[in-house]
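Q: I am new to this structure and would like a close look at a single part of it. Please take one helix and the places that help to set it in context.

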Amino acid sequence: MTDTPYENADIAINAAFDAGNIAVTRVSGAEAWLTIRKDEQSDFFQWFHFRVAGAAGRELTLRITGLAQSAYPDGWADYKACVSEDRAEWLRADTEWAPGEDGGTLTIRYTPMGDLAWFAYFAPYSMDRHHDLVAQAALTEGVTHRTLGETLDGQAIDCLEMGEGETQVWLYARQHPGESMAEWWMEGAIALLTDPSDPVGRALRQKATFHIVPNCNPDGSRRGHLRTNGIGTNLNREWQDPSPETSPEIYAIRNAMDETGVDFAMDVHGDEAIAAVFLAGFEGIADASEEQAKGYALYSELLVAQTPDFQTEKGYPVTAKGKANLAISTNQLAQRFGAVSMTLEMPFKDHAPMADATNGWSPDRCIELGRSCMAALYQWLVRRG
């Protein structure tokens with residue numbers, strides 16, 4: 001039997017593409033030692049996305065080191081990396097976490113069938129796919145598009161608007177760009193809302209007016225950041241006093257919200273450590289009304305009934321009344337508008353209540369959750385009158 005062309009050669013690793021992030025320390029045959037680049041002008045790092053070439057039939061051993069200093073080191077335990085050979089289907093690779101090895105090491109092992117394999121913290125959502133999503137939705141009858149502003153890199157902040165009801169609904173995602181599951185969620189929500197044959201989507205558009213920002217942070221997304229925009233600003237800490245110099249994304253979005261008002265808002269995210277889907281609310285604001293609290297509790301109850309992928313046992317601790325950080329969007333919108341606002345969190349890890357060893361929490365489940373959240377919103381609007 002003859003050797004394959006790559007059998008004894010070093011693999012080649014590259015991340016010079018949309019949302020790419022990795023630095024190569026050393027390569028030996030099919031084994032590599034890697035580190036993750038920090039977000040620009042920031043100490044945040046956790047997102048990785050890179051390509052391995054020369055890999056066919058070889059067991060790859062990829063060691064990402066120095067992760068004890070990453071943004072959320074507790075997120076690596078029980079985590080399995082995402083891998084794809086066609087960039088369409090993303091599976092989970094054999095992954096081990098050794099907190100005491102080389103400053104915290106995540107070791108990924110995978111044997112590809114072909115010469116190429118891509119690895120990522122979660123299935124990436126490219127800016128090209130974002131533009132496809134926006135373009136297709138904007139062609140739908142009754143949908144309008146507007147550019148709310150521009151990022152520091154000159155990218156557009158896209159907003160899709162639809163519906164004719166009095167209730168003002170804002171849906172927005174990817175303030176933290178590495179949380180790519182949030183834009184997969186958007187695909188499901190937008191698909192339901194723009195499908196003329198979907199009765200739930202049609203009813204929602206009769207009952208409410210929707211303002212949808214599928215990606216709040218295009219610069220961080222393209223640069224391969226975990227949590228910040230192009231100059232290291234954490235956008236979900238900018239809502240109290242956004243600046244056109246450091247957070248033009250939130251400056252533009254919040255100004256647009258001031259024009260329309262906000263009755264219901266959902267900020268879509270991913271959580272590194274908790275292996276479940278959950279909501280975080282605005283309980284800590286000083287002036288929360290009984291009506292707001294009841295509205296939030298009702299939506300949570302309806303979403304539990306809508307999908308087994310949502311639960312209420314796991315989540316963040318509830319902030320004491322008067323202790324809310326008003327720089328966070330969910331708190332700011334509840335305080336500013338009296339809105340029923342919430343943060344939806346999805347896992348980077350597998351979904352522990354309904355685990356899937358092959359796919360983990362996946363783009364398909366994000367999309368389905370987006371649809372489920374809209375179905376629950378329809379029930380919420382009906383119950384609220």
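A: What follows looks at helix α5 and then at other parts of the chain. The model is a predicted one.

Helix α5 runs over residues 248–260 and has 13 residues. At 1.5 Å a residue these should span 18 Å, and the end C-alpha atoms lie 19 Å apart, so the length agrees with what is expected. Just beyond the helix comes G261, whose phi is positive, at about 80 degrees.

The buried residues of α5 are P248, E249, I250, A252, I253, R254, A256 and M257. An α-helix has 3.6 residues a turn, so residues three or four places apart point the same way. The buried residues of α5 pack against the strands β11 (144–150), β12, β13 and β14, and also against the helices α4 (218–223) and α7 (329–337).

M257 also has a place in the nonpolar cores. The largest core holds 90 residues, and those with the most contacts inside it are F48, F50, L62, W185, F210, Y299 and M374. Separate from that one is a second core of 18 residues, which includes M257 together with L148, I157 and V213. Y299, from the largest core, is in contact with F264, M266, L279, M342, C373, A376, L377 and W380, leaving aside neighbours within four places in sequence.

Two of the strands beside α5 also help to cover another helix. This is α3 (residues 199–207), where G201, A203, L204 and R205 are buried. The cover over these residues includes β12 (156–163) and β14 (208–213), along with α2 (181–194) and α8 (363–384). At the start of α3, a side-chain oxygen of D198 comes to within 2.9 Å of the backbone nitrogen of V200.

β13, another strand that α5 packs against, covers residues 167–173 and leads into a loop before α2 that contains R174. Most residues other than glycine have a negative phi. R174 has a positive phi, near 60 degrees. A second case is Q41, with a positive phi near 55 degrees, in the loop between β3 (31–35) and β4 (49–53). Are these two residues buried or exposed? R174 has a relative accessible area of 3%, under the 20% limit, and therefore counts as buried. Q41 has a relative accessibility of 61%, over the 50% limit, and therefore counts as exposed.

Terms used. Residues numbered from 1 in each chain as written. Predicted model: local features only at pLDDT ≥ 70, side-chain atom pairs only at ≥ 80, totals over all residues. Heavy atoms only, no water. Buried < 20%, exposed > 50% of the residue type's maximum accessible area, 1.4 Å probe, protein only. Helix = DSSP H or I, 4+ residues; strand = E, 2+ residues; numbered from the N terminus. Contact = heavy atoms within 4.5 Å. Polar contact = N/O pair within 3.5 Å; in protein donor to acceptor, adjacent residues only side chain to side chain. Expected span 1.5 Å × (residues − 1). Core = buried A, V, L, I, M, F, W, Y, C linked by side-chain atoms within 4.5 Å.
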